Number of protein chains: 2
Amino acid sequence: MVETIQWINDTVVMIDQTRLPLEENYVSCRTYEEVAEAIRRMTIRGAPAIGVAAAMGVAVGILHASETDLDAQMAEICATLAATRPTAVNLFWAIDRMKRIYAGVAGKPIAEVRRRLVEEALLVREEDIAVCRAIGHHGAALVPAQKTVLTHCNAGALATAGYGTALGVIRAAVEAGKQIDVFADETRPFLQGARLTVWELQQDGIPTTLITDNMAGHFMKSGRIGCVVVGADRIAANGDVANKVGTYSVAVLAKENGVPFFVAAPISTLDLSLASGNAIPIEQRAAEEVTHLFGQRVAPQGTSVENPAFDVTPARYVAAIITEKGVARAPYEESLRKLVS
Amino acid sequence: MVETIQWINDTVVMIDQTRLPLEENYVSCRTYEEVAEAIRRMTIRGAPAIGVAAAMGVAVGILHASETDLDAQMAEICATLAATRPTAVNLFWAIDRMKRIYAGVAGKPIAEVRRRLVEEALLVREEDIAVCRAIGHHGAALVPAQKTVLTHCNAGALATAGYGTALGVIRAAVEAGKQIDVFADETRPFLQGARLTVWELQQDGIPTTLITDNMAGHFMKSGRIGCVVVGADRIAANGDVANKVGTYSVAVLAKENGVPFFVAAPISTLDLSLASGNAIPIEQRAAEEVTHLFGQRVAPQGTSVENPAFDVTPARYVAAIITEKGVARAPYEESLRKLVS
């Protein structure tokens, strides 16, 4: 299994997800600014992985901070990391967690502050893998055998510290002996499905078929798809789910065709401070992601583009939300709060 | 306006749609085999344009046929052209039309046979432009002003002999003074939207925004889209519509969001011999169309792919079918037969 993100010799080492599967390059971030830039340009992506990167970014920042005015430096580090991407709440969750640890060791010798923050960042990473395993365990039972699982984007090992959320459910179903195969939406514009999900599942020997995003409906109508499993970037208190753009379309098509639509995500993806998905900020990314592919222009010069990176799937399309603490079903206002408490 | 397909000095000249918008190349086909190959490799595409190409292919074939055993050569020419692509019925419609003309001049001097077939092929082309204008006229009234029109694939001048079907409706609405803009699905895997629709509408100065296919639902949910207009490759007697893969998804999302979904197509796209869309053959194309873009690999080696080029939208999602003879609405069994008779 590939390592998405590691802490090696006080350096944050990530596999470069912008180059996969053409090249298996690793990027070393020695400063918090480099970590922030890696998140922004999607060297690392996926809500839980972004959370781990942010925690490690805080740790690497404090490692190199000077002893004087540490509070101000901590604030600057956290603000820089928080400004990278707006939608995945795990980013803010991880930063807040690091802030709490920092507050707990305030006034202690800087060596202890550093040790404690590095320790916590490593814990965030380790917990994330355990969380994914638990999500897989809870989700595996929901996956119909002898059918195809459709997934969108990459909610796999590469989107987490390991094992994956949606792909964790698929992996756990396969480990439980279920005969399934996977359809992977290629997931334009960044092609996380074609480049990352297919690559990951190939390495695990799980039979996977690549389709373009606009084919998903056709195969749901054909009766081949047993369920849909996707990840999430932020889930509101009412169960509305922000996830990679195109998720909403898949959810509507699943409902129309009687296919259960499951969301697999850690508790850290819940944002119960938001009543509904309408309040979730949707990141707009550069036009070049749509007009170019690996540097190759595919649309005319001067093309106007909209490039929302996420969309919001209303809770009424979601059959279940699979977390490490168990499976929530509608009404989500109640079931999500119960899981958290 | 660009010329999609022309008859110049007994040669079929087509703009190469596989290279647009990077290069504006023209391909000259001097034999019917070259025309067949151009259809197969999508140098020319779009149901009405394929019909024109097939008619010209028959004409160029008979021009070069020897006088002896002309019937057998005609049969071979028609069979070769008919075997290029299975879904668009306009191909078979055009070939049948050329066969009827051939039957009408059977036994006449070969010069007259040749003259008559060339004449008919030119007529097919000219009629197609007039048909598109009439479709535009009928459709323009249906387009809500002050809103965005969403279209999928390219049902434009490049998919016809000129003016377009779905884009004909958009052009006619603009010519009628309606304030509209266009969202163009990029339309993976062949990117007809990004490469052809954006390019065409840019030349006409119609404001157009490119989106990836999986964003269409998001913008329909946002209330920005006033209607959807697409073309068709074959329409069954009950109003089921085969069109570029992804059309079904757009139609479901439109219905879910209360957005009218219109199909614009010539009468030659109707196949009233088929009771429903279930009987329409769906072309499967090469995996490389999905795994590569302009020669650049975007998925891992050994990726399994499904690549249906079309899907079928059940009639219940179709608000109206716009033809050159008028607008058909449900129940389509009656309204389509009435238009034809």
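**Exercise 1. Work out whether A:Phe183 is buried or exposed, and find its ring partner.**

Step 1: Start with the accessibility. A:Phe183 has 0% relative accessibility, so A:Phe183 counts as buried. Here, buried means under 20% relative accessible area, exposed means over 50%, and partly exposed is in between, using a 1.4 Å probe and protein chains only.

A quick note on what you're looking at: this is a predicted model, where local features need pLDDT of at least 70 and side-chain atom pairs count only at pLDDT 80 or more, while totals for chains, interfaces and linings use all residues. Residues are numbered from 1 along each chain as its sequence is written, chains are lettered from A and ligands numbered from 1 in the order in which they are written, and side-chain values use heavy atoms, with hydrogens and water left out.

Step 2: Count the aromatic pairs. Over all chains there are four. The rule takes rings of Phe, Tyr and Trp (its six-membered ring) with centres within 6.5 Å; planes under 30 degrees apart are stacked, over 60 edge-to-face, and the rest tilted.

Step 3: Find the partner. The ring centres of A:Phe183 and A:Phe219 are 5.0 Å apart and their planes stand at 80 degrees, so this pair is edge-to-face.

Step 4: Place both rings. A:Phe183 is in strand E5 (residues 180-185) of chain A and A:Phe219 is in helix H8 (residues 216-221) of chain A, so the pair links parts of the chain 36 residues apart. Helices (H or I, at least four residues) and strands (E, at least two) are DSSP runs, numbered from the N terminus. A:Phe219 is buried too, at a relative accessible area of 7%.

**Exercise 2. Say what A:Tyr248 meets on its ring.**

Step 1: Look for another ring. A:Tyr248 and A:Tyr317 make an edge-to-face pair, 6.0 Å centre to centre with 80 degrees between the planes.

Step 2: Locate the two. A:Tyr248 belongs to helix H9 (residues 247-256) of chain A, and A:Tyr317 to the loop between strand E15 (310-313) and strand E16 (320-323) of chain A, 69 residues apart. A:Tyr248 is buried at 1%, and A:Tyr317 is buried at 4%.

Step 3: Look for a charge. B:Lys221 lies over the face of A:Tyr248, 5.0 Å from the ring centre. To qualify, NZ of Lys or CZ of Arg must be within 6 Å of the ring centre and within 35 degrees of the ring normal. Within chain A, A:Arg195 lies over the face of A:Phe190 at 4.9 Å.

**Exercise 3. Describe the open sheet of E1, E2 and E3 in chain A and the helices on it.**

Step 1: Read the order. The sheet runs E1-E2-E3, with antiparallel pairing. Two strands pair if DSSP finds at least two bridges between them.

Step 2: Find the edges. Strand E1 (5-8) and strand E3 (26-29) each have a single partner strand, so one side of each is left without a neighbour in the sheet.

Step 3: Check the twist. Neighbouring strands are turned by 25 degrees against each other on average, direction ignored.

Step 4: Zoom in on a bridge. Strand E2 (residues 11-15) pairs with E3(A) over four bridges, and A:Met14 has A:Val27 as its bridge partner.

Step 5: Add the helices. Helix H1 (residues 32-40) of chain A packs on the sheet, touching E2 and E3, at about 140 degrees to E3(A). Helix H2 (residues 47-63) of chain A lies across E1, E2 and E3 and runs at about 20 degrees to E1(A). Axes are lines fitted to C-alpha atoms, for helices over the stretch in contact, and angles run from 0 to 180 degrees between N-to-C directions; contact means heavy atoms within 4.5 Å.

**Exercise 4. Find the backbone oddities around A:Pro189 and A:Leu191.**

Step 1: Check the peptide bond. A:Arg188 and A:Pro189 are joined by a cis peptide bond, with omega about 5 degrees.

Step 2: Place A:Pro189. A:Pro189 sits in the loop between E5 and helix H7 (192-204) of chain A.

Step 3: Check phi. A:Leu191 is not a glycine, yet has a positive phi of about 60 degrees. A:Leu191 is in the loop between E5 and H7 of chain A and is buried at 1%.

Step 4: Try chain B. B:Leu191 also has a positive phi of about 60 degrees, and B:Leu191 is buried with a relative accessible area of 1%.
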